[in-house]
Amino acid sequence: PARKRFGWGEEVRPGWKRATSWVAAVLVIFFSLNVPLHEWADGYLFTAHMVQHILLMMIMPPLLIWGLPPGLIRKALELRPVYLAGRGLTHPVVAFMASNLVFIFWHFPHWYNLALMDHTVHIVQHLSFMVVAVMMWWPIMAPVKELVRIPTGPLLMGWIFLFGIPGTVVSALITLSDQVLYTW
């Protein structure tokens, strides 16, 4: 209906695979942020907390990106500010830096504990994880040529490998700490 109303040229036809992917992304978000997983993650199980974050950062973004109709993305990119923002935020270097800085930031003990004690801060944490995860996944599987996509091959494999290093370092520091970092 919006295509006809606003005079958009290209018909948005996601196809059943894209539509299924979009619905799956929304279901992953819903499942991750609602009972019972959210309740378990907030008050009982550290494992549930980690599953929640993995779902939001590793499963939801590729499903969401794949579910976006390319025609709709191209139409949005016709607006210069949207194009510039999209081009900047999805650039591999920007995505790498933003995603890893956000991940590292939320693992400092003060911010981690605050996110678990203050629900509003926890919502901000989850939203920031989701945003930077989409930024990180975009260069891997951008559905339109107008935004940067890393070509398949050694460059992409190297980028994915490098992407995991900061998280591995943070995980090692947490695991090997000789004191309790997170009082929660």
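Here is a short walk through two pockets, one helix and some aromatic rings. Keep in mind that you have a predicted model open.

**Stop 1: the largest pocket**

Select Ile54, Met57, Phe103, Gly167 and Ser171 and zoom in. Of the 25 residues lining the largest pocket, these five sit closest to its centre. The space you're looking at has a volume of about 600 Å³.

Now colour the helices around it. H4 (46–67), H7 (92–105), H9 (119–141) and H10 (154–175) each put at least two residues into the lining. Which helix gives the most? That's H10, with eight residues. Colour the lining by class and you'll get 16 nonpolar residues and nine polar ones, with no charged residues.

**Stop 2: the second largest pocket**

Next, pick Leu68, Thr90, Val134, Trp138 and Leu147. They lie nearest the centre of the second largest pocket, which has 19 lining residues. Two or more residues of that lining come from each of H4, H5 (70–77), H6 (80–89) and H9. There's about 380 Å³ of space in here. By class, the lining has 17 nonpolar residues, two polar and, again, no charged ones.

H4 and H9 should look familiar: both were named for the largest pocket, and both turn up in the list for this one.

**Stop 3: along H9**

Show H9 by itself, then bring the rest back. Is this helix largely enclosed or largely open? Of its 23 residues, 17 are buried, so the rest of the structure largely encloses H9.

Try a distance between its end C-alpha atoms: they are 33 Å apart. At 1.5 Å a residue, 23 residues should span 33 Å, so the helix agrees with the expected value.

Before you leave, go to the start of H9 and display Asp118 with Thr120. A side-chain oxygen of Asp118 comes within 3.0 Å of the backbone nitrogen of Thr120.

**Stop 4: the aromatic rings**

The count of aromatic pairs in the model comes to six. For one of them, select Trp106 and Trp111: the pair is edge-to-face, 6.5 Å centre to centre, with 85 degrees between the planes.

Switch on a surface and compare the two partners. Trp106 has a relative accessible area of 5%, which means it counts as buried, the cut-off being under 20%. Trp111, at 32%, counts as partly exposed.

For the last selection, take Phe96, Trp159 and Phe163, which together form one aromatic cluster.

Technical notes
Residues are numbered from 1 along each chain as its sequence is written. This is a predicted model: local features need pLDDT of at least 70, side-chain atom pairs count only at pLDDT 80 or more; totals for chains, interfaces and linings use all residues. Side-chain values use heavy atoms; hydrogens and water are left out. On a 1 Å grid over the protein atoms alone, a cavity is a set of points where a 1.4 Å probe fits but cannot get out, and a pocket is an open set with protein on both sides within 12 Å along at least five of seven lines; lining residues have an atom within 4 Å of a point. Grid points are joined across faces, edges and corners, and a volume is the space filled by probe spheres set on the points. Helices (H or I, at least four residues) and strands (E, at least two) are DSSP runs, numbered from the N terminus. Ala, Val, Leu, Ile, Met, Phe, Trp, Tyr, Cys and Pro count as nonpolar, Asp, Glu, Lys and Arg as charged, and the others, Gly among them, as polar. The expected span of a helix is 1.5 Å times one less than its number of residues. Buried means under 20% relative accessible area, exposed over 50%, partly exposed in between (1.4 Å probe, protein chains only). A polar contact is a pair of N or O atoms within 3.5 Å; within protein, one must be able to donate a hydrogen and the other to accept it, and residues adjacent in sequence count only if both atoms are side-chain atoms. Rings of Phe, Tyr and Trp (its six-membered ring) pair if their centres lie within 6.5 Å; planes under 30 degrees apart count as stacked, over 60 as edge-to-face and the rest as tilted.
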